[in-house]
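Reader: I'd like a close look at one small part of this model, and then a walk through whatever else is worth seeing. Could you start with a single strand and take your time over it?

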Amino acid sequence: MQLRWTLPALAMAALPAWAAPGVLKIGEINSYKAMPAFLEPYKKGMDLAVEQINAQGGLLGKKVQLVIRDDNGNPGDAVRAAEELYTREKIDVLTGSFLSHVGMALTDYAGQKKRFFLASETLTDKVVWQNGNRYTYRLRGSTYMQTAMLVQEAKKLNKKRWAIVYPNYEYGQSAVATFKTLMKQAQPDIEFVAEQAPALGKIDAGSVVQAIADAKPDAIFNVLFSVDLGKFVREGNTRGLFKGREVVGLLSGEPEYLDALRQEAPEGWIVTGYPWYSIKTPEHDAFLQAYQGKFKDYPRLGTIVGYNAIQSLAAGITKAGSTDTEALIAAFKGLNVNTPWGAITYRPQDNQSTMGAYVGKTTYSKDMKRGIMTDFYYADGKDFQPSDAEVQKLRPASAH
């Protein structure tokens with residue numbers, strides 16, 4: 001009798017991992033080595049969501065498992081990783097991407113292979129508009145959405161001469177194009193007197209700061225993030241670039257980047273970010289307690305994105321009753337998902353979620369010994385989109 005039970009167990013152990021019964025595999029591709037400040041907390045957010053889902057019985061009666069690959073910040077590596085996840089690991093569904101050019105490559109892969117893809121973090125508008133396809137959905141608020149949130153505040157400043165600094169790749173170029181367009185509509189006499197576009201991760205902060213200072217702008221629109229942002233802020237503080245000048249910063253209030261500056265955190269910048277320490281809602285309280293209980297750490301913006309990505313897939317798979325591509329496409333159209341920031345909806349007109357962002361001002365907190373956001377509010381993503389008619393024109397006919 002003992003032998004009769006042992007042999008099947010041995011046979012099962014010999015099966016490849018993907019053949020194990022009762023496992024639903026989520027493949028995830030991201031730039032973990034290139035962008036650890038954001039993506040290490042992001043991974044923890046995913047882990048928490050998977051743990052909670054499995055504690056509630058998993059999805060479709062199966063245990064959920066993450067299978068992760070690093071794309072090295074390279075579009076070609078990302079596409080090769082996606083194919084390997086499907087052919088070798090036999091994943092059920094694909095998510096991920098941080099850098100915009102990588103997200104665009106995975107969007108194209110999804111369209112060519114006719115496989116569902118949830119772009120989690122990548123911000124470029126092209127993922128859901130110009131290069132969009134029916135197979136790709138996107139979680140985080142786009143470059144257009146977040147820039148529009150800041151334009152709402154920037155136009156109140158009524159500053160005429162603006163300088164712009166941004167990383168010279170798709171995300172930065174897109175943000176700047178949107179900022180210029182929306183600001184010109186709001187303030188026709190605006191002038192853009194300096195534009196600095198260093199390569200991502202390779203800023204010569206001294207020359208960038210000096211070039212902006214020489215142009216004598218009234219205000220600065222900053223799109224830098226991560227290490228580039230830190231170098232820019234430190235050099236700008238040293239040279240007095242920000243004294244008497246308004247600064248509007250996309251992503252600059254995210255704790256991933258603001259925390260690293262400590263006492264050098266900028267004062268009074270208008271930013272998008274995540275004031276996790278001051279959000280008082282039942283949904284966020286529950287999330288914060290669970291996260292701190294598991295990791296003995298505080299969440300970052302990446303944590304929210306990773307958590308929401310897995311919760312979105314869980315909601316979509318549950319609604320579809322399957323991981324079949326066509327079933328998921330149908331399920332995600334108008335899909336409602338409850339998140340720590342409140343309910344979001346995946347818009348049927350462009351496959352973009354309505355996940356918003358917090359908008360506020362930066363300051364240094366002596367109590368927390370780091371930069372924080374104050375005077376903030378939540379900007380709902382649904383309020384910062386072009387008209388449906390404009391979206392219809394932006395998306396290829398095949399994407400509808």
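Which residues of strand 11 (residues 336-339) make up its covered face, and which its uncovered one?

Author: Val337 and Thr339 are on the covered face of strand 11, while Asn336 and Asn338 are on the uncovered one. A word on the ground rules: this is a predicted model, where local features need pLDDT of at least 70 and side-chain atom pairs pLDDT 80 or more, while totals for chains, interfaces and linings use all residues. Residues are numbered from 1 along each chain as its sequence is written, and side-chain values use heavy atoms, without hydrogens or water. Helices (H or I, at least four residues) and strands (E, at least two) are DSSP runs numbered from the N terminus.

Strand 11 has a partner, strand 12 (residues 342-345), and the two run antiparallel with four bridges between them; pairing takes at least two DSSP bridges. Together they make a hairpin, with two residues separating the strands. On the uncovered face, Asn338 sits across from Ala343 of strand 12.

Now for the empty spaces. The structure has two cavities of 30 Å³ or more. A cavity is a set of points on a 1 Å grid, over the protein atoms alone, where a 1.4 Å probe fits but cannot get out; a pocket is an open set with protein on both sides within 12 Å along at least five of seven lines, and lining residues have an atom within 4 Å of a point. Points join across faces, edges and corners, and volume is the space filled by probe spheres set on them.

The second largest cavity holds about 40 Å³, and its lining includes Arg140, Glu254, Thr272, Leu301 and Trp341. By class, that lining has three nonpolar, four polar and two charged residues (nonpolar: Ala, Val, Leu, Ile, Met, Phe, Trp, Tyr, Cys, Pro; charged: Asp, Glu, Lys, Arg; polar: the others, Gly among them).

Thr272 also leads us to helix 5 (residues 143-157), the home of Leu150. Outside its neighbours within four places in sequence, Leu150 touches Thr272, along with residues including Phe221, Val248, Ile270 and Val359 (contact: heavy atoms within 4.5 Å). Leu150 counts as buried because its relative accessible area is 0%, and buried means under 20%, using a 1.4 Å probe and protein chains only. From Leu150 to Lys382 is 15 Å between C-alphas, across 232 residues of sequence.

Next, Arg300, in the loop joining helix 10 (282-295) and helix 11 (301-320). Arg300 is buried too, because its relative accessibility is 16%. Its side chain makes a 2.8 Å polar contact with that of Asp297 (N or O atoms within 3.5 Å, one able to donate a hydrogen and the other to accept it; for sequence-adjacent residues, both must be side-chain atoms). Beyond four places in sequence, Arg300 is in contact with Pro41, Pro255, Glu256 and Tyr274.

The largest cavity is about 80 Å³, and of its 14 lining residues, Phe98, Glu121, Leu123, Tyr169 and Leu251 are nearest the centre. Nine of the lining residues are nonpolar, two polar and three charged.

Last, the largest pocket encloses about 280 Å³. Its lining has 15 residues, with Asp125, Trp129, Tyr144, Thr178 and Leu394 closest to the centre. Helix 6 (170-186) and helix 13 (388-394) are the elements giving two or more residues, and helix 6 contributes the most, seven. The lining splits into six nonpolar, five polar and four charged residues.

Notes: Buried means under 20% relative accessible area, exposed over 50%, partly exposed in between (1.4 Å probe, protein chains only).
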